[in-house]
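Please open the structure in your viewer and keep the sequence beside it. The tour below suggests what to select at each stop and says what is found there.

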Amino acid sequence: MTTVEMTRFRVPAERADALLAARPAMVRDFRADRAGFLEARLIRVSADEWLDIVFWASSEDFAESRRRGANRPGIQTFFSLIDEVVSVEEGTTTELAGV
């Protein structure tokens, strides 16, 4: 099983391009600094709302990442563009063979 972080947040539509431009540096910083980081997917839900789906090797890796916060420049820049965090949820995946 893989731990999945689902964070829904708001960014004004006029900052969407800046958010997308900041994303690669944030992901690079996560890869360099976050044990258990597997991958991330960013989904635009509406003009000003986004869903970030991040896959972690374990719940403990996700918890440690939250503890570290915006400790690197790429992460700080990305997080600074967010006006409001709507929700943060944690779940797990179950892979089914052949599906």
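Begin by selecting valine 85, which lies in strand β4, residues 84-93, and bear in mind throughout that this is a predicted model. Valine 85 is partly exposed, with a relative accessible area of 48%. If residues up to four places away in sequence are not counted, valine 85 touches Thr7, Arg8 and Phe9. You can also draw a distance from the C-alpha atom of valine 85 to that of glutamate 49, which is 36 residues away along the chain, and the separation is 9.6 Å.

Now show the whole of β4 together with β1, since these two strands pair in the antiparallel sense over nine bridges. Within this pairing, arginine 8 stands opposite serine 87 in β4.

Next, select threonine 7, which lies in strand β1. Is threonine 7 buried or exposed? Threonine 7 has a relative accessible area of 12%, and because buried means under 20%, threonine 7 counts as buried. The side chain of threonine 7 makes a polar contact with the side chain of glutamate 5, at 3.1 Å. Leaving aside neighbours within four places in sequence, threonine 7 is in contact with Trp50, Leu51, Asp52, Val85, Ser87 and Val88. One of these, aspartate 52, is the bridge partner of threonine 7 in β3, while the bridge partner of glutamate 5 in β3 is valine 54.

These partners lead to strand β3, residues 49-56, which is the next element to select. Seven of the eight residues of β3 are buried, so the strand is largely enclosed by the rest of the structure. On one pairing, eight bridges join β3 to β1, and the two strands run antiparallel. On another, seven bridges join β3 to strand β2, residues 37-44, again in an antiparallel arrangement. If you follow the chain from β2 to β3, you will see that they form a hairpin with four residues between them. For an example of a facing pair, select isoleucine 43, which stands opposite leucine 51 in β3.

From the strands, turn to the aromatic rings. How many aromatic pairs does the structure hold? There are six. One that deserves a view of its own is formed by phenylalanine 9 and phenylalanine 78, whose rings are edge-to-face, 6.1 Å centre to centre and with 80 degrees between the planes. This pair links distant parts of the chain, with phenylalanine 9 in strand β1 (residues 2-10) and phenylalanine 78 in helix α3 (residues 73-80), 69 residues apart. Both phenylalanine 9 and phenylalanine 78 are buried.

Keep phenylalanine 78 selected and display its surroundings: not counting residues up to four places away in sequence, phenylalanine 78 touches Phe9, Leu19, Ala22, Arg23, Met26, Leu42 and Asp52. Phe9, Leu19 and Phe78 are also the residues with the most contacts inside the largest nonpolar core, which has 17 residues. The elements that give two or more residues to this core are α1 (16-33), β3 and α3, and α1 gives the most, with six residues. As general background, nonpolar side chains tend to be buried together in soluble globular proteins.

For another aromatic stop, select Phe30, Phe37, Trp56 and Phe62, which form one aromatic cluster. With phenylalanine 30 in view, add arginine 34, which lies over the face of that ring at 4.7 Å from the ring centre.

The last selection is leucine 81, found in the loop between α3 and β4. Leucine 81 is buried, with a relative accessible area of 13%. Which residues does leucine 81 touch, not counting those up to four places away in sequence? They are Val11, Pro12, Arg15, Ala18, Leu19 and Ala22. To finish, draw a distance between the C-alpha atoms of leucine 81 and proline 12, which are 69 residues apart along the chain and separated by 8.7 Å.

Technical notes:
Residues are numbered from 1 along each chain as its sequence is written. This is a predicted model: local features need pLDDT of at least 70, side-chain atom pairs count only at pLDDT 80 or more; totals for chains, interfaces and linings use all residues. Side-chain values use heavy atoms; hydrogens and water are left out. Rings of Phe, Tyr and Trp (its six-membered ring) pair if their centres lie within 6.5 Å; planes under 30 degrees apart count as stacked, over 60 as edge-to-face and the rest as tilted. Buried means under 20% relative accessible area, exposed over 50%, partly exposed in between (1.4 Å probe, protein chains only). A charge sits over a ring if NZ of Lys or CZ of Arg is within 6 Å of the ring centre and within 35 degrees of the ring normal. Two strands pair if DSSP finds at least two bridges between them. A polar contact is a pair of N or O atoms within 3.5 Å; within protein, one must be able to donate a hydrogen and the other to accept it, and residues adjacent in sequence count only if both atoms are side-chain atoms. Contact means heavy atoms within 4.5 Å. A nonpolar core is a set of buried Ala, Val, Leu, Ile, Met, Phe, Trp, Tyr and Cys residues joined through side-chain atoms within 4.5 Å.
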